Each structure stands twice: as structure tokens, then as C-alpha cells.
Amino acid sequence: MSDLPAPTAPDRPARRRLGRSGVEVTPLALGTSGIAGLYTPVPEEQAYEAVRAALRRGIRHFDTAPHYGLGLAERRLGAVLRELPRDTYTVSTKVGRRLEPCDAGGDDLAHGFAVPATHRRVWDFSADGVRHGLEASLERLGLDRVDVVLLHDPDDHEEQAFREAYPALERLRSEGVVGAVGAGMNQTAMLTRFVRDTDVDVVLCANRHTLLDHGAATELLPAALDRGVSVLVGGVFNSGLLADPRPGVTYDYAAAPAALVERALRIKEAAERHGTSLRAAALAHSAAHPAVAAVLVGARSAAEVDDCADRFAEPVPDALWEDLRATGLL
């Protein structure tokens with residue numbers, strides 16, 4: 001794959017700038033935990049086809065991390081992207097978990113990935129950890145640079161993250177090593193602190209700005225808008241429930257409670273009454289806030305990428321939001 005596939009006109013999105021940086025991203029982006037065997041194995045060629053499908057549909061921003069499949073996501077993503085002109089896409093990766101080789105055997109399903117446990121994760125939000133982690137990511141990706149670096153889940157390492165890791169990111173940005181810096185988490189309180197107390201360009205908020213969880217709307221999104229910080233939204237389907245609500249489906253990486261399954265089914269029924277789909281409504285809701293630069297979808301196949309691109313382009317009538325508010329579902 002040496003040529004960049006040209007998207008068809010309906011799939012050609014505008015790019016949006018991340019904060020005050022020079023990095024621009026497409027409003028629909030691909031997260032790569034899925035292609036790294038999240039929950040179940042993903043064959044190599046299927047992973048490659050998912051990335052190629054994203055490119056074909058006009059997606060030009062890709063989010064990855066060492067955590068995803070013990071480096072497998074970075075290796076698979078890089079195998080496709082490094083064949084393309086470097087200025088035709090943007091990549092974000094993360095620091096805070098270093099990978100160290102180990103010979104424990106078995107798999108990595110305890111951390112959610114169906115891959116051999118060839119490495120172990122080591123939390124490290126030191127300045128050296130940031131630089132070494134980025135160097136290792138670049139080696140796995142096979143790229144000479146990434147566009148965005150995010151601190152990954154510093155929940156239990158808050159003070160070190162602010163005292164050591166964040167200043168290291170600022171230095172990388174000032175040196176021109178990366179274009180934009182920030183943090184990515186499944187909570188909003190610490191992300192709001194990053195927005196208010198530092199000069200981050202962007203934060204990645206997962207699972208907290210969805211049809212079922214409105215936590216980001218209280219403080220994070222208004223603070224980001226006020227400070228000129230961009231927000232990437234991950235987990236728009238709450239890890240599965242808003243994609244296909246049914247008993248046994250996951251919500252925030254665990255079995256969904258029955259009450260939430262019922263709520264999701266009611267939203268789905270409302271969406272269909274208004275001539276649209278639950279997945280389209282989930283994507284539209286997460287993308288609508290003016291602080292949001294892009295939504296990430298974690299597809300694991302070309303078919304899932306195509307479905308997400310189709311649903312992202314699907315019109316969602318204003319009457320649906322009025323209906324959901326009137327019935328207390330939003």
C-alpha cells in the first residue's frame with residue numbers, strides 16, 4: 001500500500017486544530033486498542049485492513065498506546081502508516097506505562113488483551129520514563145515522530161505526573177519533538193486539573209461524554225472551551241453497550257447492569273422512531289460540543305470501520321434530542 005486512498009466526497013471531513021498547536025485532526029479518528037486483540041484475538045491482516053479502511057473513509061488521525069496489546073497496536077498501526085507520506089496523517093500515542101520483557105508465559109487477558117504475555121507494564125511518570133517511553137513507541141511504530149503525546153491514566157500517580165511527566169512533555173513540545181501534548185483518562189476530575197493548571201493542547205476523555213454518561217459536561221468541557229483546549233472523546237459506545245444493547249454486553253469494560261441495558265434500549269427505540277440509529281446518535285452526541293475536536297472509534301475490522309464512518313455521516317434530527325430530554329433519557 002504505497003498510495004494514500006482518496007476518500008469519496010461524503011467521507012471527506014474538515015480537519016480541526018488541537019488547541020493552540022499546529023496539529024490538525026479529522027473529526028472521526030481511529031483508536032487502536034481493538035486491532036491489538038482487545039478481549040479476543042484479531043488476525044494480523046484483519047488489523048491491517050481496518051487501518052486501510054479508515055484511510056479509505058477519510059480518517060486521518062490514529063490514536064494508539066504501548067498498553068494496547070503490549071505494543072501490538074503500535075506495531076500494526078505503524079506497519080500500514082509508514083508506507084504513506086508522513087504529512088498525510090497524524091498519530092497520538094501515550095506514555096506512563098513502560099514495557100519490559102518477561103518470560104512469565106500465558107496471555108495478557110488479565111489486562112484485557114488476547115495476546116501472549118511477552119512483556120510486563122511498569123508505571124513510570126518520571127521525566128526519563130516519558131522520553132524512554134516515547135523512544136520505544138517510535139521504534140515500534142517505525143516512525144520518526146508522532147504528532148501528539150498523552151499521559152496515559154495517571155490516576156494513581158497524580159503528583160508525579162504533574163511534577164515530572166508533564167514538564168517533560170512541555171520540553172518535548174518546545175524542542176519540536178512533538179506538536180501537541182496532553183493527558184488521556186477515564187475520569188474527568190484530573191483532566192479538568194490538567195486543563196486549568198497546565199498548558200496542555202488536548203485531553204482525551206474516555207467513556208465520560210456519552211449518551212449514558214454525561215460526567216464531562218459538568219466541568220471538563222466548559223473548562224476546555226474556556227481555556228482553548230481541545231478534547232478527544234473516546235469510548236463513545238461505552239465499550240459496547242451503545243453499539244449493540246443486549247444482555248451480556250460490556251459497559252466500561254465490565255458486564256453492563258440490567259438498568260443501563262434497558263436505558264440504552266429505550267434510547268435505541270427513540271432513535272429508530274426518528275429515522276436514525278443508536279450508533280449514529282451516540283457519535284453525534286459525543287461530537288457535538290464545540291470543545292470536541294474528534295471522536296475516536298475502536299473498530300477491529302474493516303466492516304466495523306465502514307459502519308462507524310457511515311453512522312458518523314448519518315443525519316440525526318434535532319427532534320430526537322428533544323424527545324430524549326422530554327423523556328428523561330438525556
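Visitor: Is Val178 buried or exposed?
Guide: Keep in mind that this is a predicted model. Val178 lies in the loop between helix H4 (158-174) and strand S11 (180-185). Buried means under 20% relative accessible area. Val178 has a relative accessible area of 4%, so the call is buried.

Visitor: Which residues does Val178 touch, not counting residues up to four places away in sequence?
Guide: Let's leave out those sequence neighbours, as you say. Val178 then touches Leu134, Val146, Asp147, Val149, Leu172 and Arg173.

Visitor: And how far apart in space are Val178 and Leu138, C-alpha to C-alpha?
Guide: Along the sequence, Val178 and Leu138 are 40 residues apart. In space, going C-alpha to C-alpha, the separation of Val178 and Leu138 is 12 Å.

Visitor: Over to Arg140: is that one buried or exposed?
Guide: Arg140 belongs to helix H3 (residues 127-141). The cut-off for buried is under 20% relative accessible area. Arg140 comes in at 18%, so it counts as buried.

Visitor: Which side chain does Arg140 join in a polar contact of 2.5 Å?
Guide: Not counting residues up to four places away in sequence, Arg140 touches Pro66, Gly71, Glu74, Arg75, Arg82 and Leu99. The 2.5 Å polar contact runs from the side chain of Arg140 to that of Glu74.

Visitor: How do H8 and H9 sit, roughly parallel or roughly perpendicular?
Guide: The axes of helix H8 (residues 278-287) and helix H9 (residues 302-313) come within 8 Å and cross at roughly 65 degrees. Angles of 65 to 115 degrees count as roughly perpendicular. Therefore H8 is, relative to H9, roughly perpendicular.

Definitions and conventions. Residues numbered from 1 in each chain as written. Predicted model: local features only at pLDDT ≥ 70, side-chain atom pairs only at ≥ 80, totals over all residues. Heavy atoms only, no water. Helix = DSSP H or I, 4+ residues; strand = E, 2+ residues; numbered from the N terminus. Buried < 20%, exposed > 50% of the residue type's maximum accessible area, 1.4 Å probe, protein only. Contact = heavy atoms within 4.5 Å. Axes fitted to C-alpha atoms, helices over the stretch in contact; angles between N-to-C directions. Parallel < 35°, antiparallel > 145°, perpendicular 65-115°, else oblique. Polar contact = N/O pair within 3.5 Å; in protein donor to acceptor, adjacent residues only side chain to side chain.
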